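Please examine the sequence and the three-dimensional structure shown here. The paragraphs that follow lead from the overall fold to individual residues.

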Amino acid sequence: MLDIGSAAYDACMTPLELGALASVRARLLSEAAGRVLEVGAGTGVNLSYYDFSKIEELIVSDLRVRPRLTDAVAAASRRVAVVQADAESLPFAEGVFDTVVATLVFCSVRDPLRGLAELGRVLRPEGRLIFVEHVVSRHPVVHRLMNLVNPGWRLLAGGCNINRDTARLIEGAGFRFLRFARFGHGLGIAGVARKG
Ligand SMILES: C[S@@+](CC[C@H](N)C(=O)[O-])C[C@H]1O[C@@H](n2cnc3c(N)ncnc32)[C@H](O)[C@@H]1O
């Protein structure tokens, strides 16, 4: 099925992927292991980065499951389940996943603290959150500019916010960073966190 929005999203992302993003994804996603849940999977770009020899079960989910995601799953020729799910209210029991993955998702989740707490709920106690997010600049002038631009950006970019401090939100939701790195002139964060 023709899915113009998703094709446009992938096209817009290409320069960023060719920059740091693809290598950040490759490094982190190959660590996903056991029972894995990906939230906000979008067009399924992460599927090519998983090391399936470490994965017992992979569920990819999104608030809106697009044809491009189901096509990507079919092309992956692995057993991957696709589930329509809101990260703020996941249809899974507590503590059932070893790894939860969220890449470029918490810029657009309506209540990010609630969503992150929900990820913590479905992770087992020693489970890992793998994250990659774009965040607000730490430079005060750029930060103010991003605040100014954000309302218009959010309208144009389907609910994406450019002024979130998602590192602080991850910690605020009760996660502890095991690894944390900034990339893309400080506008990207990536790493691994665990509960508590
Ligand atoms: C910018 S795209 C990122 C897609 C992909 N994860 C990536 O790395 O390119 C954000 C995705 O988050 C999804 N999303 C937004 N709010 C969500 C929510 N509350 N629960 C689940 N997915 C959500 C959107 O539908 C969209 O597919």
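**From the whole fold to single residues**

In this protein, residues 24 or more positions apart account for 61% of the contacts with a separation of 6 or more; two residues are in contact if their C-beta atoms, placed from the backbone, lie within 7 Å. The model is a predicted one, in which local features need pLDDT of at least 70 and side-chain atom pairs count only at pLDDT 80 or more, while totals for chains, interfaces and linings use all residues. Residues are numbered from 1 along each chain as its sequence is written.

The protein contains 5 helices and 7 strands, arranged along the sequence in the pattern α-β-β-α-β-β-α-β-α-α-β-β. Helices (H or I, at least four residues) and strands (E, at least two) are DSSP runs, numbered from the N terminus. The C-alpha trace spans about 45 × 45 × 30 Å along its principal axes. Of the 196 residues, 37% count as buried. A residue is buried if 20 or more other C-beta atoms lie within 10 Å of its own, exposed if 12 or fewer, and partly exposed in between; these C-beta atoms are placed from the backbone.

Helix H2, residues 67-75, illustrates this distinction. Its buried residues are Arg68, Leu69, Ala72 and Val73. Seen down the axis of H2, these residues fall within an arc of 140 degrees, so they line one face of the helix; the arc is that of the directions from the helix axis to the C-beta atoms. An α-helix has 3.6 residues a turn, so residues three or four places apart point the same way. On the other side of H2, Pro67, Ala74 and Ala75 are exposed. Ser77, which follows H2, has a positive phi, near 45 degrees.

The interior can be described through its largest nonpolar core, which has 46 residues. Such a core is a set of buried Ala, Val, Leu, Ile, Met, Phe, Trp, Tyr and Cys residues joined through C-beta atoms within 7 Å. Val100, Ala102, Leu119, Leu129 and Phe131 have the most contacts inside this core, and strand E5 (residues 123-134) gives the most to it, with 5 residues.

Strand E5 also holds Ile130, which counts as buried because it has 23 C-beta neighbours inside 10 Å. Ile130 and Thr99 are 31 residues apart in sequence, yet 7.2 Å apart in space, C-alpha to C-alpha. Not counting residues up to four places away in sequence, Ile130 touches Leu28, Leu29, Glu31, Ala32, Thr99, Val101 and Val192.
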